[in-house]
Amino acid sequence: MLRSPQDALYALVSDWPVNGGVHQQRAIDFCRAWLAGRMPAETVRQAFILAALEAGVPLHDDGDGAEAAVVNPPV
């Protein structure tokens, strides 16, 4: 479960199943901009969703309207 742009950044650079996607790189850049205080979290969320769709990462609504991704589910 990802709960913040910081969690998303870790997933995008460490656990992402497909590297080199255009949306993946954009989401990484947006997460870093959020950490620097230059990007709203909602914009990062939208970029992450596009990256997840690009990579075939399943998204789930966690009940409060936020998307959650399971990058490497437990076996």
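Me: Helices are taken as DSSP runs of H or I with at least four residues. Which helix does Thr43 lie in?

Reply: Thr43 lies in helix H3. The model is a predicted one. H3 covers residues 41–55 and has 15 residues, and a run counts as a helix from four residues up.

Me: Why is Thr43 called partly exposed?

Reply: The relative accessible area of Thr43 is 30%. Buried means under 20% and exposed means over 50%. The value for Thr43 falls in between, so Thr43 is partly exposed. In space, the C-alpha of Thr43 is 7.7 Å from that of Phe30, with their positions 13 residues apart in sequence.

Me: What makes up the secondary structure of the chain?

Reply: There are three helices and two strands. Along the sequence their order is α-α-α-β-β.

Me: How do you know that the span of H3 fits its number of residues?

Reply: The expected span is 1.5 Å times one less than the number of residues. For the 15 residues of H3 this gives 21 Å, and the distance from the first C-alpha to the last is also 21 Å.

Me: Why is the span of H2 said to agree with expectation?

Reply: H2 has 14 residues, which should span 20 Å at 1.5 Å a residue; the end C-alpha atoms of H2 are 20 Å apart, so the two values agree.

Me: What follows H2, and what follows H3?

Reply: Gly37 follows H2, with a positive phi near 80°. Gly56 follows H3, and its phi is positive too, near 75°.

Me: Why does Ala8 count as buried?

Reply: Ala8 lies in helix H1. Its relative accessibility is 5%, under the 20% limit, so Ala8 counts as buried. Apart from neighbours within four places in sequence, Ala8 is in contact with Leu2, Cys31 and Phe48. Ala8 and Arg45 are 37 residues apart in sequence, with their C-alpha atoms 8.6 Å apart.

Me: What makes Ala33 a buried residue?

Reply: Ala33 is found in helix H2. The relative accessible area of Ala33 is 8%, and the cut-off is 20%, so Ala33 is buried. With neighbours within four places left aside, the contacts of Ala33 are Arg38 and Met39. The C-alpha atoms of Ala33 and Val44 are separated by 8.8 Å, and these two are eleven residues apart along the chain.

Me: Which other residues of H2 are buried, and what covers them?

Reply: Besides Ala33, the buried residues of H2 are Gln24, Ala27, Ile28, Phe30 and Cys31. Their cover includes H1 and H3. As for Cys31, its contacts beyond four places in sequence are Pro5, Ala8, Leu9, Leu12 and Val44.

Me: Why is the pair of Trp16 and Phe48 called edge-to-face?

Reply: One aromatic pair is found in the whole structure. The ring centres of Trp16 and Phe48 are 5.4 Å apart, which is within the 6.5 Å limit, so the rings pair. Their planes are at 65°, and over 60 degrees counts as edge-to-face, so the pair is edge-to-face. The pair links distant parts of the chain, with Trp16 in the loop between H1 and H2, Phe48 in H3, and their positions 32 residues apart. Trp16 and Phe48 are both buried.

Me: Which members of the largest nonpolar core touch the most other members?

Reply: Leu12, Trp16, Cys31 and Phe48 do, out of 19 residues in that core. At least two residues of the core come from each of H1, H2 and H3. H3 gives the largest share, six residues. The buried residues of H3 are Val44, Ala47, Phe48, Ile49, Ala51, Ala52 and Ala55.

Me: How much of the chain is buried, and how much area is exposed?

Reply: Of the 75 residues, 35% are buried. The chain exposes about 4600 Å², and carbon and sulfur atoms supply 55% of that area.

Me: Which elements have the lowest and the highest mean pLDDT?

Reply: Strand S2, residues 67–69, has the lowest mean at 53, and helix H2, residues 22–35, has the highest at 97. The chain averages 85, and 81% of the residues score at least 70.

Methods:
Residues numbered from 1 in each chain as written. Predicted model: local features only at pLDDT ≥ 70, side-chain atom pairs only at ≥ 80, totals over all residues. Heavy atoms only, no water. Buried < 20%, exposed > 50% of the residue type's maximum accessible area, 1.4 Å probe, protein only. Areas by Shrake-Rupley, 256 points an atom, 1.4 Å probe, with all protein chains shown as cover. pLDDT = per-residue confidence, 0-100. Phe/Tyr/Trp six-rings, centres within 6.5 Å; stacked < 30°, edge-to-face > 60°. Core = buried A, V, L, I, M, F, W, Y, C linked by side-chain atoms within 4.5 Å. Contact = heavy atoms within 4.5 Å.
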